[in-house]
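Subject: Structure handover

Hello,

Here is the structure I said I would pass on. Please look through it before reading my notes underneath.

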Amino acid sequence: MGEPRPRVQREVVSFVRRSARMNPSQLKAWDELQHWVVDVAPRETSTSVAADARVEWDAVFGRRAPLVVEIGGGTGDVVAGVAAQHPERDFVAFEVFQPAVASTLSKCARAGVGNVRVVVANGVDGLAALFDEHSVTELWTFFPDPWHKTRHHKRRLVSTSFADLVASRLTADGLWRLATDWEDYALAIRELLDGHPAFVNRYAGWAPRWEDRPQSRYEAKGVAAGRTIFDLCYCIREGGAR
Ligand SMILES: C[S@@+](CC[C@H](N)C(=O)[O-])C[C@H]1O[C@@H](n2cnc3c(N)ncnc32)[C@H](O)[C@@H]1O
């Protein structure tokens, strides 16, 4: 009998690892549109990103353009829509759920955009490993999973350590755009980021709805259920952290 395999320490992540059964159109998109998926080396779990993984984004996109990163893009409604409106920017969307990635790929194909790439991995790891300091023009976290139970709040994407990471990756004139349909999460985000030394609230309160942001299916469900949508937008404090 061989040596027992060492147990992998389960890290706290902001997503659930779900089985990934795709419908026929998602399977077709997944097979045909892999050229928009950027593979990265994992650590011990398939959704992780190795700390020494690297991607040359200029080479991937074939140019140097302002970079926008989305974490948890879901089925790609926002990235496909905004990328079509902004051909002068390049967009990198992180999403861990393969069927959602397949839908993102087909939406990008339908929108006729060539300036989007998708990474099927934890965007927190990805932002840390794959982007230089002060190289990201915008970071988007739209409708992050709310993790309602208090004992699950540690799984929420927006945390102090994540804010520190975002601050280190955004350019001096960079923006962090966020939205959620859960008031308690919105208030917690605002309290955290209003108090964070690297960020300034661009609107001294809730942001107006960003007019470029198409309504995602997830957002539409929140609206249909009668929930209010809270938009937030933060800039980097001039001169760095207070
Ligand atoms: C509630 S959905 C919202 C999706 C999308 N932003 C929208 O508005 O439709 C959150 C998504 O984030 C993904 N997600 C959560 N944490 C993530 C992470 N750390 N990296 C990549 N994807 C993540 C989940 O798989 C899920 O698809």
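The notes below cover a sheet and then two helices.

This is a predicted model, in which local features need pLDDT of at least 70, side-chain atom pairs count only at pLDDT 80 or more, and totals for chains, interfaces and linings use all residues. Residues are numbered from 1 along each chain as its sequence is written, and side-chain values use heavy atoms, with hydrogens and water left out.

Helices (H or I, at least four residues) and strands (E, at least two) are DSSP runs, numbered from the N terminus. Seven strands form an open sheet with mixed pairing, in the order β3-β2-β1-β4-β5-β7-β6; two strands pair if DSSP finds at least two bridges between them. At the edges are β3 (116–119) and β6 (199–201), each paired on one side only. Strand β2 (residues 90–94) runs parallel to β3 and is joined to β3 by four bridges. Within this pair, Val-92 is opposite Arg-117 of β3.

Helix α7 covers residues 183–194. Its 12 residues should span 16 Å at 1.5 Å a residue (1.5 Å times one less than the number of residues), and the end C-alpha atoms are indeed 16 Å apart.

Which residues of α7 are buried? They are Tyr-185, Ala-186, Ile-189 and Leu-193, where buried means under 20% relative accessible area (1.4 Å probe, protein chains only). Seen down the axis of α7, these buried residues fall within an arc of 100° (taken from the directions from the helix axis to the C-beta atoms), so they line one face of the helix. Their cover includes α6, β5, β6 and β7 (contact: heavy atoms within 4.5 Å).

Regards

Note on methods:
Buried < 20%, exposed > 50% of the residue type's maximum accessible area, 1.4 Å probe, protein only.
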